[in-house]
Amino acid sequence: MIEKLFIYKESRKLLILFLKCFIIFIYLLALSLNKKQAIKMKVSICTIGKLENQYIREYVKYYQNLGVDKIYIYDNNDINGEKFETVLSDYIDIDYVTIMNYRGYVKSQYKIMNNCYKINYLKYNWIMFYDIDEFLYLKNYTNIKNFLSENKFNKCKLIYLNFIYYTDNNNLYYVNKPLLSRFKSFKYDDRYFGKSIIRGDIPNINITSCHYLTKKIKPCNGFGKFSNNFLLDYKYYYIKHYSFKSTEEYSRKLIKGNAVYGDSITKKIKKIKMYFKFNKITLKKINLIENITGINLDYFRNKLKK
């Protein structure tokens, strides 16, 4: 009886050991398959830029380090304005960056986004639509392909990640240093604004939103869940949005207009209200924005007096 009990216990130990080894084997096999999938995967970015020469190299280097294969920059500068080629010639020479000529076009955001997807959707597994002030953060991932090759995204065609807005840190003027080192404080956005990564190989898509791209595809969050509760992503997966920078830089951003709305004063006032929602309102900032843009800001002065 004792001998049988001993054999039973030893057999049970061996079975448990076998199961543990089997689980580890399956886990390592899954990792291997994911790595192979990641190696085969191709990822690109479509972005539109105007008066962004002082920021573009930081942006390109960041996404190159993150594992993105190719960046398509749609040059929306004025006809006689600055050119991306003057600061990105080395990236262009190695075919990492392609400049698309949309100089002089107004209200061209959706046209550009649809064009970029149409000419590239069969070349890439995933296409990102991020602006030059938007930097993707993926906790525990140094390569975006390892993130996108996770099984949790197998049923996802679109991944939507929230913005975290980095404030001006009370900086009035531009300093020639990287954005990621200049601005450290940030605030969450209760509107859940963000941007999307969309899977390639989706024919006849019509992009109608800068954020969700299309209403016809239900987005996943960063955990691969079909959910509207994108707040869950904030500790793990999000987009660092350096929309404001310094007061001077934000003012010059207002001057250049918007690729969706053009040069609308109403939209500019709305943007200034958003600026002071996320950043401390001061008289110096009000005066500087007014001096650069020429927009009367007595509304904000009166708010400051209250």
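A residue counts as buried here when its relative accessible area is under 20%, as exposed when that area is over 50%, and as partly exposed in between. Keep those cut-offs in mind, please. This is a predicted model.

I'll start with a pair in helix H10, residues 298-305, where Asp 298 and Arg 301 sit 3 residues apart, about one turn of the helix. Their side chains meet in a salt bridge, at 2.9 Å from N to O. Are the two partners buried or partly exposed? Arg 301 has 17% relative accessibility, so Arg 301 counts as buried. Asp 298 comes out at 38%, and is therefore partly exposed.

That pair is one of 14 salt bridges in the structure. Salt bridges with shared partners also join Asp 131, Glu 134 and Lys 195 into one network.

Within that network, the closest N and O atoms of Glu 134 and Lys 195 are 3.0 Å apart. This pair links distant parts of the chain: Glu 134 belongs to strand E5, residues 134-138, Lys 195 belongs to strand E8, and 61 residues separate them. Glu 134 has a relative accessible area of 1%, so Glu 134 is buried. Lys 195 is buried too, with 5% relative accessibility.

Next, Glu 249 and Arg 182. They form a salt bridge in which the closest N and O atoms are 2.4 Å apart. Glu 249 lies in helix H7, residues 247-256, and Arg 182 lies in helix H6, residues 179-182, so this salt bridge ties together parts that are 67 residues apart in sequence. Both Glu 249 and Arg 182 are buried.

Now back to Lys 195, by way of the strands. Strand E6 covers residues 158-166, and 9 of its 9 residues are buried. Which strands pair with E6? There is E8, residues 194-199, which pairs with E6 in the antiparallel sense over 5 bridges. In that pairing, Leu 161 stands opposite Lys 195. There is also E9, residues 237-241, which pairs with E6 in the parallel sense over 3 bridges. Here Phe 163 stands opposite Ile 239. And there is E7, residues 186-188, which runs antiparallel to E6 and is joined to E6 by 3 bridges. The bridge partner of Ile 164 in E7 is Tyr 188. As a general point for reading any such sheet, side chains in a regular strand alternate between the two faces.

Last item, the cavity. How many cavities of 30 Å³ or more are there? The count is 1. About 80 Å³ of space lies in the largest cavity. Its lining includes Lys 195, along with Asp 131 from the salt-bridge network. Also among the lining residues are Cys 46, Thr 47, Ile 48, Phe 129, Tyr 130 and Cys 210.

Strand E1, residues 43-49, and helix H4, residues 109-120, each supply at least two residues of that lining. H4 gives the most, with 4 residues. Gln 109, Ile 112, Met 113 and Cys 116 are in the lining as well. By class, the lining has 8 nonpolar, 2 polar and 2 charged residues.

To close, one residue recurs through these sections. Lys 195 forms a salt bridge with Glu 134, stands opposite Leu 161 in the strand pairing, and lines the largest cavity.

Terms used
Residues are numbered from 1 along each chain as its sequence is written. This is a predicted model: local features need pLDDT of at least 70, side-chain atom pairs count only at pLDDT 80 or more; totals for chains, interfaces and linings use all residues. Side-chain values use heavy atoms; hydrogens and water are left out. Buried means under 20% relative accessible area, exposed over 50%, partly exposed in between (1.4 Å probe, protein chains only). Two strands pair if DSSP finds at least two bridges between them. On a 1 Å grid over the protein atoms alone, a cavity is a set of points where a 1.4 Å probe fits but cannot get out, and a pocket is an open set with protein on both sides within 12 Å along at least five of seven lines; lining residues have an atom within 4 Å of a point. Grid points are joined across faces, edges and corners, and a volume is the space filled by probe spheres set on the points. Ala, Val, Leu, Ile, Met, Phe, Trp, Tyr, Cys and Pro count as nonpolar, Asp, Glu, Lys and Arg as charged, and the others, Gly among them, as polar. A salt bridge is a side-chain nitrogen of Lys or Arg within 4 Å of a carboxyl oxygen of Asp or Glu.
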